[in-house]
Amino acid sequence: MPLLQVDEVSVRFGGVMANQGVNLHADAGRITGLIGPNGAGKTTMFNVITGLQDPTEGRVLVDDKDVTALKPHKRARLGLARTFQRLEVFGSLSARDNVLVAAEIRKRWARDGSDPKAVAEEVLERVGITHVAGERVDAMPTGMARLVELARALAARPRLLLLDEPGSGLDESETEAFGGLLLDLAREGLGMLLVEHDVDLVMRVCDLIFVLDFGRIIAVGTPTEIQHNPDVQAAYLGAEDPDDADHAAEELTHS
Amino acid sequence: MHDFLRYTVLGLVVGSGYAVAASGLVVTYQTSGIFNFAHGAIGMFMAFVYWKIHVDMGVPTLLALALVLLVLAPLLGALIERTMMRSLYGASTGAALVVTVGLMLTLLGAAYSFWPQGTARILPEFFAGSQFKLFGLVITYHQATVVVVAALVALFLRLLFYRTRIGTAMRAVVDDPELLAMNGANPKRVGQASWALGASLASLAGILLAPLVNLEVLILTLLVLNCLAAAMLGRLKSLPLTFLGAILVALGENYIVGYGPGNVGSYRGALPSIFLLLVLLFLPQARLKSGRLVGARAPRVPTLRQSVISAGVFVVVGMLLSGQMSRSDLATYGGGLAVGLIMLSLVLLTGYGGQVSLCQLTFAGIGAFVMGRYFTGGSMLGLVVVAIVAGLAGFLVSLPALRLQGLYLALTTFAVGRGVDLLFFSNSHVFGYGGQLAVPRVKLPGLSFQGDRAFFILLLVTFAGAGVLLLALRRGPFGRQLAAQSDSEAACATLGLSLVATKAIVFALSASIAGVAGALYGGLRGGVTQNDFLVLVSLAVALSVYVGGINTVTGALIGGVFFAVLPTIGAHFPKLAQTQYLGTGMAAALIGRFPNGIVGLISNGVDRARRQFAGAGIHERAMEVDGLAAPAS
Ligand SMILES: Nc1ncnc2c1ncn2[C@@H]1O[C@H](COP(=O)(O)OP(=O)(O)OP(=O)(O)O)[C@@H](O)[C@H]1O
Ligand SMILES: [Mg+2]
């Protein structure tokens with residue numbers, strides 16, 4: 001039984017179909033990739049899963065339970081957490097307070113007697129931002145603020161974490177460390193759904209990858225399968241031209 | 001049957017006038033994203049200008065109309081956009097509202113100053129004296145004109161939005177200004193055009209309606225509420241539904257006049273409020289707000305130690321000063337403290353929580369009422385009951401709008417405030433028309449606050465205590481959560497926080513504080529009347545705390561003193577009517593530029609000075625703007 005299952009979801013914005021009959025699933029302890037060109041509908045999919053956007057059609061299931069009608073906070077309480085592509089940090093608070101708030105909110109609904117302060121420190125340490133924890137987040141560079149969002153999401157102790165382009169704004173060595181962190185988290189049993197433009201990172205950490213293009217899933221497979229899928233190569237550069245496809249293949253396989 | 005027909009026709013006529021006005025409101029909201037609270041006031045002001053030009057100076061009808069509708073009103077609209085609204089794009093709901101409410105009060109004060117009350121001014125009907133009969137009903141040409149004009153406006157707007165480039169651009173701007181800019185249109189230009197158009201439509205409605213409802217400053221200004229109720233049916237978006245809403249509101253008003261119970265005037269006036277609340281119940285849940293706000297930066301919160309020390313200093317200095325104060329000074333500054341306490345309730349609600357209430361005095365009034373009516377002995381239990389009742393009232397008010405965007409809650413509070421003014425406070429069992437309800441001063445065992453100075457000191461201590469508590473709240477989990485929620489609702493929801501519950505709690509808590517402040521204010525004055533708690537005064541209070549600084553305790557103090565002292569300053573300028581409205585209105589209209597008010601200005605200044613004086617190696621201590629500074633003497 002998958003932790004998350006998306007069943008035939010479509011989302012229409014006026015004339016645009018942002019998602020069209022999308023089926024995908026994510027499991028505990030695995031990193032599932034969701035990739036696709038700009039405007040493919042990845043963020044929209046995240047919004048549907050977390051309840052910020054009602055689908056025009058289709059269902060979202062968590063532990064085989066239909067949650068399509070549940071409000072965002074109810075879904076969060078089932079163990080979903082996310083980060084945002086367009087940052088949604090608590091800008092007027094310090095990084096530490098961003099994480100602390102999440103731990104406090106979690107304590108309130110989970111009633112698990114956890115100590116929010118301890119949770120916050122642990123998560124800050126884990127993500128490696130303890131040294132800037134006292135700074136206000138709206139004064140931070142984007143890459144750092146993304147890590148704050150990650151830490152905040154982790155403080156809610158989710159079972160499935162949705163990451164929307166968490167790697168943008170990180171430099172090479174930071175990305176390296178970040179990938180390691182994701183793999184560690186997966187090893188501890190956390191399920192993740194990862195939207196990321198950094199192909200290297202995706203190929204390195206994901207167990208399974210779904211490829212969206214113009215709102216439709218055009219391919220599913222392991223990183224190796226996806227790298228050699230001609231449809232994906234074509235879609236990624238938005239061209240049928242074989243030269244371009246070669247180029248795309250190169251990019252996808254990390255030349 | 002004949003009567004029914006008559007009321008129906010009247011409703012259709014007046015409703016057509018409302019529709020013209022309401023369509024202007026929707027057009028500006030749609031294109032600039034700013035709800036123009038001053039919409040009715042602009043219509044009012046231009047109707048008076050038209051009266052001045054046409055009736056007073058004798059300029060012929062058509063020329064005067066052209067001058068007002070095609071030149072002056074669009075100019076005013078464009079000017080407003082250029083000077084006040086442009087700094088507001090991306091600002092918080094509160095800041096945007098405060099600026100247009102400020103504009104409304106400014107126009108109100110200006111109109112009272114230019115055209116003092118007491119002189120009857122009559123704006124003639126168009127084609128006065130001409131009439132015709134339809135189904136045995138006499139219909140004046142003016143009435144027919146209103147309906148025809150409304151139909152023409154509807155047609156005009158339809159063509160504008162669907163057949164012209166600027167109209168298409170106007171429709172696009174609110175959906176996606178960036179997209180619009182990419183297509184070559186200039187969003188600022190489009191915004192300006194829409195404000196010009198909105199002002200023109202408001203003026204047209206004012207001129208059409210004034211002969212029907214009276215050329216009277218307040219009546220015309222408050223028509224914004226009728227427009228709002230109408231526009232709500234179309235969710236501030238759909239013009240056809242707005243037209244329908246306008247007709248429904250006017251029909252309702254006329255049927256009430258025709259068939260309503262004794263106290264017809266009040267019910268009629270309260271109808272838009274009731275209509276609005278009913279519509280709200282059926283609106284679908286709003287999408288969660290996301291995206292960052294620009295403007296107000298929350299100041300650092302002082303530690304418990306710092307706030308307790310500041311509070312102590314504040315009380316001691318206040319006590320020393322009170323020794324030098326005359327009885328009238330004690331009343332003025334005591335009033336400032338009581339109003340400052342109401343403003344503290346807004347610091348909690350708006351400054352910390354990001355929600356806006358425009359009817360805080362309504363809760364204060366309920367507090368004064370409960371204390372004066374049921375606890376004539378002045379027992380402390382009274383204050384406790386006051387807090388509970390006012391809190392419940394706040395909870396109830398917030399309920400219908402909580403699942404909607406913040407703007408809707410703010411607009412609802414205004415509607416509720418107006419409704420309570422008309423239906424409750426003016427009721428003879430409450431304060432009564434012109435009546436006064438005695439409100440006792442609280443007693444503590446062994447302590448009496450009957451003396452003016454003693455009561456002043458009680459107010460000092462209460463304010464200081466409330467400030468310390470508020471700051472403690474701010475530093476704790478609840479305060480963090482409020483800050484988080486006002487920074488990003490979407491993020492909070494995806495962490496498992498029920499936004500509605502938190503919002504309701506803050507709203508109730510804030511209403512509670514306002515209620516207690518109202519009871520204390522009543523005690524200070526010895527008694528209260530309905531005029532103390534009018535929703536218009538609530539507006540002035542909300543603006544004043546913004547002027548002081550909406551997110552600090554010090555801001556509430558400055559706001560309270562500002563509010564209390566303005567009328568005494570105004571007394572020196574007999575030419576200016578309603579200095580309270582003029583002064584607060586003009587100051588608040590600048591909030592777009594100075595989102596943290598006076599406190600923000602001071603702290604910026606101090607920051608700059610520090611940076612200049614502080615040598616390189618000196619460790620800078622964080623600025624604490626939120627201490628309870630002693631009042632300037
Ligand atoms: N709220 C909205 N209203 C209208 N259209 C929208 C909305 N949100 C997204 N869209 C459209 O839906 C499509 C999918 O957008 P989405 O943001 O989901 O793509 P994405 O895959 O996340 O892209 P990117 O890689 O650029 O982040 C786009 O065409 C976008 O313009
Ligand atoms: Mg995206």
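B:Leu423 sits in helix 17 of chain B, where helices are DSSP runs of H or I with at least four residues, strands are E runs of at least two, and both are numbered from the N terminus. With a relative accessible area of 31%, B:Leu423 is partly exposed; buried means under 20%, exposed over 50%, and partly exposed anything in between, with a 1.4 Å probe and protein chains only. The model is a predicted one, so local features need pLDDT of at least 70 and side-chain atom pairs pLDDT 80 or more, while totals for chains, interfaces and linings use all residues. Residues are numbered from 1 along each chain as its sequence is written, chains are lettered from A and ligands numbered from 1 in the order in which they are written, and side-chain values use heavy atoms, leaving out hydrogens and water.

B:Leu423 belongs to a nonpolar surface patch, alongside B:Tyr267, B:Ile274, B:Leu278, B:Leu281, B:Phe282 and B:Phe424. Together these residues offer about 680 Å² of accessible area (Shrake-Rupley method, 1.4 Å probe, with only the protein chains shown counting as cover for residues). Patch members have over 30% relative accessible area and no salt bridge; nonpolar side chains (Val, Leu, Ile, Met, Phe, Trp, Tyr) are joined within 5 Å, like charges within 9 Å. Helix 12 (264-282) and helix 17 (406-425) of chain B each put in at least two residues, and helix 12 has the largest share, with five.

Helix 15 of chain B is another story: 13 of its 15 residues are buried, leaving the helix mostly covered. Its geometry checks out too, since residues 360-374 should span 21 Å at 1.5 Å a residue, and the end C-alpha atoms are indeed 21 Å apart (the expected span is 1.5 Å times one less than the number of residues).

Over on chain A, the surface carries a patch of positive charge made up of A:Lys71, A:Lys74, A:Arg77, A:Arg108 and A:Arg111. Here Lys and Arg count as positive and Asp and Glu as negative, with His and the chain ends not counted; each charge is placed at NZ of Lys, CZ of Arg, CG of Asp or CD of Glu. A:Lys71 is in the loop between strand 5 (65-66) and helix 2 (72-77) of chain A and is partly exposed, at 42% relative accessibility.

Salt bridges (a side-chain nitrogen of Lys or Arg within 4 Å of a carboxyl oxygen of Asp or Glu) number 17 over all chains. One of them pairs A:Arg59 with A:Asp7, with 3.0 Å between the closest N and O atoms. A:Arg59 lies in strand 4 (residues 57-62) and A:Asp7 in strand 1 (residues 4-13) of chain A, so the pair ties together parts 52 residues apart in sequence. Both ends are partly exposed, A:Arg59 at 36% and A:Asp7 at 23%.

A:Asp63 and A:Arg159 also form a salt bridge, at 2.8 Å between the closest N and O atoms. This pair links distant parts of the chain, 96 residues apart: A:Asp63 is in the loop between strand 4 and strand 5, and A:Arg159 in the loop between helix 5 (142-155) and strand 7 (160-164) of chain A. A:Asp63 is partly exposed at 29%, as is A:Arg159 at 34%.

B:Arg480 and A:Glu104 meet in a salt bridge at 2.6 Å, N to O. This pair crosses between chains, from helix 19 (residues 477-487) of chain B to helix 3 (residues 95-110) of chain A. B:Arg480 is buried at 10%, and A:Glu104 is buried at 12%. Finally, B:Arg327, B:Arg441 and B:Asp452 are joined into one network by salt bridges that share partners.
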